[in-house]
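This report goes through one protein model for a reader who works with coordinates. Please look at the sequence and the structure before reading on.

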Amino acid sequence: MRLAELSARSGLPTATIKYYLRAGLVPPGATEGATWARYDESHLRRLRLVRALTDVAGLALEEVRAVVAALDASGSLHEARGVTQWHLSAPVQDEPSEESRRQVDALLARRGWDLEPDSPHRRTLAAALDTVDELDFPATDEVLDAYAEAAATVAAVDVPRVTSETDPIVAAEKLIVGTLLYEPVLTTLRRMAHEAGSGVSSWTGGS
């Protein structure tokens, strides 16, 4: 396809696509003339991924460049998914306490979850534990175990929807969209369960 068709199918202006090409976020098309190139489905998939990383994940272009470069260099679908997932982890400003780090390590050991030692998810969870502890509403091991069990149930539904995809770019896109766009669904369901289980409707005049 030519650039105009790529623009129409991706929903991105040609100027944006040209910028992504210059920035190296999208590989160049096959040159077929002095002034134009031909693109294929792989370019469309890459544009969808870049759009998901910028519009859905909210990553800066430098972060997007790091993700797509890592995806291009990855040797397996597992590695590609790991690279993408790590970049979705919320940044942590301050180093978590050693106590919270130990609590996270103990949780992983109890669950048998094998995370890389430098996984950002370790730090993110430990930092969150520090925050709730500072607010005098600490997450006990029992609470973490219950949440982890619920998360494992959700993951059992999520993971096959991504691992069934053989194209690492499409898999990464599904991981981004599935993780970030479904989080509000999970959050709302949790709040609905709270309302249903705690009689919130009686506080607001409901029946």
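Is arginine 38 buried, partly exposed or exposed? Arginine 38 is partly exposed, at a relative accessible area of 35%; buried stands for under 20% relative accessible area, exposed for over 50%, and partly exposed for what lies in between (1.4 Å probe, protein chains only).

The model is predicted, so local features need pLDDT of at least 70 and side-chain atom pairs count only at pLDDT 80 or more, while totals for chains, interfaces and linings use all residues. Residues are numbered from 1 along each chain as its sequence is written, and side-chain values use heavy atoms, with hydrogens and water left out.

**Overall make-up**

The protein has 10 helices and 2 strands. Helices (H or I, at least four residues) and strands (E, at least two) are DSSP runs numbered from the N terminus. Their order from the N terminus is α-α-β-β-α-α-α-α-α-α-α-α. Buried residues make up 31% of the 207 residues. Among contacts (heavy atoms within 4.5 Å) with a separation of 6 or more, 61% involve residues 24 or more positions apart. The protein exposes about 12800 Å², of which carbon and sulfur atoms supply 56%; accessible areas come from the Shrake-Rupley method with a 1.4 Å probe, and for residues only the protein chains shown count as cover.

**Salt bridges**

Side chains of opposite charge can pair when their charged atoms come close. A salt bridge is a side-chain nitrogen of Lys or Arg within 4 Å of a carboxyl oxygen of Asp or Glu. The whole structure holds 9 salt bridges, including those in the table.

| Pair | Closest N and O atoms |
|---|---|
| Arginine 38 and glutamate 32 | 3.3 Å |
| Arginine 101 and glutamate 95 | 2.4 Å |
| Arginine 123 and glutamate 95 | 2.8 Å |

Glutamate 95 and arginine 123 form a pair that links distant parts of the chain, 28 residues apart: glutamate 95 lies in the loop between helix H5 (77-88) and helix H6 (98-111), and arginine 123 in helix H7 (residues 120-134). Glu95, Arg101 and Arg123 are linked in a network of salt bridges. Within that network, glutamate 95 is exposed at 54% relative accessibility. Arginine 101 is partly exposed at 26%, and arginine 123 is partly exposed at 26%. Glutamate 32, the partner of arginine 38, is partly exposed at 41%.

**Glutamine 103**

Glutamine 103 sits in helix H6 and is buried at 18% relative accessibility. Not counting residues up to four places away in sequence, glutamine 103 touches Leu129, Ala139, Thr140, Asp141 and Leu144.

**Helix H9**

Helix H9 (residues 168-198) has 31 residues and should span 45 Å at 1.5 Å a residue; its end C-alpha atoms are 43 Å apart, which agrees. The expected span is 1.5 Å times one less than the number of residues. H9 bends by about 35 degrees at tyrosine 182, with proline 184 following within four residues; the bend is the angle between axes fitted to the seven residues ending there and the seven starting there.

The buried residues of H9 are Ile169, Val170, Ala171, Ala172, Glu173, Leu175, Ile176, Thr179 and Leu180. Leu181, Tyr182, Val185, Leu186, Leu189 and Met192 make a nonpolar surface patch of about 560 Å². Patches are made of residues with over 30% relative accessible area and no salt bridge, with like charges joined within 9 Å and nonpolar side chains (Val, Leu, Ile, Met, Phe, Trp, Tyr) within 5 Å. Leucine 186, in helix H9, is partly exposed, with a relative accessible area of 40%.
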